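Biologist: Before we look at the model, I would like to hear the reasoning behind each term, step by step. Could you set every value against its definition as we go?

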Amino acid sequence: MSVEPQLTVPESGQLPAADGPPAGTAADETLEDYTLRFAPRSYRRWTPMVVATTALGGIAYMADFSIGAGIGLAHGTGNALAAIGVAAVVIFLTGFPLAYYGARYNIDLDLITRGSGFGYYGSVLTSVIFASFTFIFFALEGSIMAQGLKLGFGLPLWLGYAISTCMVIPLVVYGMKALTKLQVWTTPVWLLLMVGPLLYLIATDPGTVHTFLAYPGSHGGGVDAASVLLGAGVCLSLIAQIGEQVDYLRFMPPKTAQNRRSWWTAVVMAGPGWVVLGALKQAIGVFLAVYILSRVGAHAATEPIRQFTGAFAAMMPSWLVVPLAVVLVVISQIKINVTNAYSGSLAWTNSFTRVTKRYPGRMVFVLANLAFALILMEADMFSFLNGILGFYSNCAIAWIVTVATDIIVNKYLLKLSPQAPEFRRGMLYAVNPVGVVAFTVASGLSIALYFHALGDALQPYSPVAAAVIAFVLTPAMAIVTKGRYYLRRTTDGIDTPLLDPDGNPSPELSECHVCRQEFERPDLAACHQHAAVVCSLCLSTDRTGAHVLPAAPGGHGPR
């Protein structure tokens, strides 16, 4: 391998501490789980199905049952099922290109976003939005677990919140290796406890199905567009879940002729396919809420612990009902909240390191994310769940649709965006107006609609506005700018190719001359001052910019 000729490395082989990551933190990539960088082939030893099972284990959250119940009780079963279906289609279509890029090129959604219209610093905004998604949903799941602990053991809610927060810390410390074991072993038990009661009720009391389908909701009336779109807006708040799926899919093995079928099955199933199970859970939430409504009232019917105690009571002795419901809630909360804590730590670390050029380690942000979630739980956010999600969905939709459109339209149809993703500092412009403008306008206008700024009649259409505006503006901005703000330079100064003959990231190793560790080809770029290479994290933490390659004349445009 050769690099652009530059100066020589100092005899000491060391550079000032300010130029590289702190010793002992970034060095332990088993602990740090490749937080800010490409996931190397040497670490990706799992089969496609193990990765898929781990990724799907992260969608075990109980909030789906509450979301479906809230929509169904307010708007009726017909509107709720239509809303769930509309949201599922949008989430599947936008999630597919993101899942493919994460699995194919082994990078997380923040790194994908950098090269898909936002730029190196522009994607900090979306990283914060994604981090917010993780602690909002951690708080929802923690609240549900606290409700279960209160019902099962009489613990006060504040104590339940603290327990649900602290218990995930040991599990999330070691990243993918620990999470794989947890998700694989708990998934069969979770599926049995979730699906069993539903099948029993339908088989033994078919009348519950008719009652469920005929439920009109508190607003009464039939299926109408406004109710469907209001419900879909709440469901679409989950669109950012694809970010957590990609956090796992980036550890997929290389795609080859031998594993092609299992590779694609795993990517589709654990990528956009998560929404199939998510939509089913939301529909089950409507069913269970209608089933127990007359016994517990509308407010309690949205609580998953109440839904499942009602269902279990119909099929087993009373002494088993509450313990089994608590077990289901606790397993679900652990499965999803280790993912929320894990993905949130990645997003916060990505943002902090780029802005400050300092790398404090992923665990700092695990704790920070959990602190934000605990504050929300103590503020009783569960009581205004649908309002929070309806507002949040506008930002999440604008972001995901912008990135998905850039991949599908700008990269593959217009060919104005570089097809191979780029994430390294020096290779990207600081801000790309394509994604930043599309996202800002789409989210801003949709939020204005949501808060009735343009009239009550248009308020239900805020999620549609976010999606449509982002979809239209993303290619429009690429055409206006002629794709010139994607790449700051088209070569990273290294002669050997980024991809192997199968189109997978090359496993060729080279030593970073700053941190003295070996990294695979996609994680490296030539140094501006030395005849050597530098890894992406050392470039991110280079506060002087001495190692960052300069902009190259004519360096913009796709490659």
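Modeller: Let us begin with a definition: the expected span of a helix is 1.5 Å times one less than its number of residues. Please keep in mind throughout that this is a predicted model.

Biologist: How do you know that the span of α6 agrees with what is expected of a helix?

Modeller: Helix α6 has 30 residues, which at 1.5 Å a residue should span 44 Å, and because its end C-alpha atoms are 42 Å apart, the two values agree. After α6 comes Gly 154, which has a positive phi, near 75°.

Biologist: What makes α6 a mostly covered helix?

Modeller: A residue is called buried when its relative accessible area is under 20%, and in α6 this holds for 24 of the 30 residues. Phe 133 and Phe 137, which lie in α6, are both buried.

Biologist: Why are Phe 133 and Phe 137 called an aromatic pair, and why is the pair called tilted?

Modeller: Ring centres must lie within 6.5 Å to pair, and those of Phe 133 and Phe 137 are 4.6 Å apart. Planes under 30 degrees apart would be stacked and those over 60 edge-to-face, so the 40° between these two planes makes the pair tilted. The two residues are four places apart in helix α6, so about one helical turn separates them. In general, an α-helix has 3.6 residues a turn, so residues three or four places apart point the same way. By the same rule for pairs, the structure has 23 aromatic pairs, and one aromatic cluster is formed by Phe 96, Tyr 100, Tyr 101, Tyr 105, Trp 263 and Trp 264.

Biologist: How do you know that the structure holds zero disulfides?

Modeller: A disulfide needs two cysteine sulfur atoms within 2.5 Å, and the structure has zero such pairs. For Cys 512 the nearest cysteine sulfur, that of Cys 515, is 3.7 Å away, so Cys 512 is in no disulfide. For Cys 535 the nearest is that of Cys 538, at 3.5 Å, and therefore Cys 535 is in no disulfide either. Cys 512 has a relative accessible area of 0%, so Cys 512 is buried, and Cys 535, also at 0%, counts as buried.

Biologist: Why is Asn 259 called buried?

Modeller: The relative accessibility of Asn 259 is 14%, and because the limit is under 20%, Asn 259 counts as buried. Asn 259 sits in the loop between α12 and α13, where a polar atom of its side chain lies 2.9 Å from the backbone oxygen of Pro 254. Leaving out residues up to four places away in sequence, Asn 259 touches Pro 253 and Pro 254.

Biologist: What makes Gln 307 buried?

Modeller: Gln 307, in helix α15, has a relative accessibility of 0%, so Gln 307 counts as buried. Its contacts beyond four places in sequence include Phe 65, Leu 288 and Ala 289. Gln 307 and Ala 289 are 18 residues apart in sequence, yet 6.2 Å apart in space from C-alpha to C-alpha.

Biologist: Which residues touch the most other members of the largest nonpolar core?

Modeller: This core has 135 residues, and those that touch the most other members are Leu 98, Ile 112, Ile 136, Met 252, Phe 308 and Trp 399. Helix α16 gives the most to the core, with 15 residues. Another core, of 16 residues, lies apart from it, with Leu 36 and Val 533 among its members.

Definitions and conventions
Residues are numbered from 1 along each chain as its sequence is written. This is a predicted model: local features need pLDDT of at least 70, side-chain atom pairs count only at pLDDT 80 or more; totals for chains, interfaces and linings use all residues. Side-chain values use heavy atoms; hydrogens and water are left out. Buried means under 20% relative accessible area, exposed over 50%, partly exposed in between (1.4 Å probe, protein chains only). Rings of Phe, Tyr and Trp (its six-membered ring) pair if their centres lie within 6.5 Å; planes under 30 degrees apart count as stacked, over 60 as edge-to-face and the rest as tilted. A polar contact is a pair of N or O atoms within 3.5 Å; within protein, one must be able to donate a hydrogen and the other to accept it, and residues adjacent in sequence count only if both atoms are side-chain atoms. Contact means heavy atoms within 4.5 Å. A nonpolar core is a set of buried Ala, Val, Leu, Ile, Met, Phe, Trp, Tyr and Cys residues joined through side-chain atoms within 4.5 Å.
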